[in-house]
Amino acid sequence: MEKSIDTPGFAEKLIRLIYPAKCMVCDEIINEDSEVYLCETCYRLLPRCGRGFFKTPNIPYVDGLFAAFYYEHGIDEAIQTMKFKYHPRLSATFAFLLAEELMKEAILPDIDIILPVPMHSSKKRQRGYNQTELLAKELSKLLNIPMDNNILKKLRKTRPQSLLKREERLKNMDDAFGIANKDAVKSKNILLIDDVTTTGTTLNQCAKILNNHCSGRIYAAVIAIAEK
Ligand SMILES: [Zn+2]
């Protein structure tokens, strides 16, 4: 795998003249040719998870969950920035870091297709983008695995999971997702992508609906896992 993000293009360099690139964790100004928005110190100190793909009883429909980092030490704030401010190079930075952690695995599962956890269409219209889609798109380029953002659909709006208790989370996400193209997942091994997971309810609901139509394995990867 080519382990690099494209070096900044002309437009990006112009933007960086006005707004210098900063480390996403400590705000230190970084080299303008830097491929990731991270200074060397913060890169070294990233709260890496290092657990590989693991099974957890909370998410029975997911064959293995991979988390690159713990949701702490600046990773949390950087993810919030990526969520709420349109910042494509931040998504690219996270995709690079996630790919880098994935490539440390001795044996990577065989993945045919990457599916981002969808956002409801009205929310995406309002925000202008889905940060998980941007992340999955960059990861797809780095891993050379196709990504499709038209297969999984969010059928109804839900409340932010982070504001709810565990029992409420389950109810909130119940039947919230659907599949637009069932044939596209039939015998595929799938990698679901989300930015953060806590109880895994969202990932499990996506995997549950996919499981009805897919005979392959369903894995999930996130940038960070928030431990309760
Ligand atoms: Zn830093």
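Contact here means that heavy atoms lie within 4.5 Å of each other. The structure described below is a predicted model, and a good place to begin reading it is one residue close to the sheet strands. Ala226 is found in the segment after β6 (218-225). Leaving out residues up to four places away in sequence, Ala226 touches Tyr71, Val196, Thr197 and Thr198. Is Ala226 buried or exposed? Its relative accessible area is 14%, so Ala226 is buried, given that the cut-off for a buried residue is under 20%. Asp112 gives a sense of scale: Ala226 and Asp112 are 114 residues apart in sequence, and their C-alpha atoms are 27 Å apart in space.

The sheet itself comes next. Four strands form an open sheet in the order β1-β6-β5-β2, and their pairing is parallel. At the edges are β1 and β2, each of which pairs on one side only. On average, and with direction ignored, neighbouring strands of this sheet are turned by 25° against each other. Two helices can be placed against this framework. Helix α4 (residues 88-102) packs on the sheet and touches β1 and β6, with its direction making about 120° with that of β1. Helix α6 (residues 131-143) lies across β2, β5 and β6 and runs at about 130° to β5.

What joins the edge strand β2 to β5? Four bridges link β2 to strand β5 (residues 190-197), and the two run parallel. The bridge partners can be followed residue by residue: Leu115 is matched with Leu192 in β5, and Pro116 is matched with Ile193 in β5. Strand β2 (residues 113-116) is also covered on both faces. Ile113 and Leu115 on one side, and Ile114 and Pro116 on the other, are all buried. Leu115 and Pro116 thus appear twice in this account, as bridge partners of β5 residues and as buried residues on opposite sides of β2.

A pair of helices offers another kind of packing to look at. Two packed helices are described by the angle between their axes and the distance between the axes. For helix α7 (residues 166-173) and helix α8 (residues 201-211), the axes come within 10 Å and cross at roughly 35°. The crossing of α7 past α8 is right-handed. On the α7 side, Arg166, Arg169, Leu170 and Met173 take part, meeting Thr201, Thr202 and Gln205 in α8. Among these, Thr202 is worth a second look. Thr202 has a relative accessibility of 15% and therefore counts as buried. With neighbours within four places in sequence left aside, Thr202 is in contact with Val117, Gln161, Met173, Phe177 and Asp194.

The model also holds a zinc ion. Which residues provide its protein donors? They are Cys23, Cys26, Cys39 and Cys42, each through its SG atom, lying 2.3 Å from the ion. Along the sequence, these donor residues are spaced C-x2-C-x12-C-x2-C. The four donor atoms subtend angles of 101 to 116° around the zinc ion, so the arrangement is tetrahedral. For comparison, ideal angles at a metal are 109.5 degrees for four tetrahedral donors. Cys26 lies in the loop between α1 and α2 whereas Cys42 lies in helix α2, so this pair ties together parts that are 16 residues apart in sequence. The two cysteines can also be described by their accessibility: Cys26 is partly exposed, with a relative accessible area of 40%, while Cys42, at 14%, counts as buried.

Finally, two loop residues stand out for their backbone angles. Most residues other than glycine have a negative phi. Asp27, however, has a positive phi near 70°. Asp27 is found in the loop between α1 (10-18) and α2 (40-44), and its 52% relative accessibility means that it counts as exposed. Where does His73 lie? His73 is in the loop between β1 (64-70) and α3 (75-84). The phi of His73 is also positive, near 50°, and His73 is exposed, with a relative accessible area of 59%.

Key
Residues are numbered from 1 along each chain as its sequence is written. This is a predicted model: local features need pLDDT of at least 70, side-chain atom pairs count only at pLDDT 80 or more; totals for chains, interfaces and linings use all residues. Side-chain values use heavy atoms; hydrogens and water are left out. Buried means under 20% relative accessible area, exposed over 50%, partly exposed in between (1.4 Å probe, protein chains only). Two strands pair if DSSP finds at least two bridges between them. Donors are N, O and S atoms within 2.8 Å of the metal (3.2 Å for Na, K and Ca); water is not among the atoms, so sites may look incomplete. Four donors count as tetrahedral if all angles lie between 85 and 135 degrees; four count as square planar and six as octahedral if opposite donors are over 155 degrees apart and all others between 65 and 115; anything else is irregular. Axes are lines fitted to C-alpha atoms, for helices over the stretch in contact, and angles run from 0 to 180 degrees between N-to-C directions. A crossing is left-handed if the near helix is turned anticlockwise from the far one by less than a right angle, and right-handed if clockwise.
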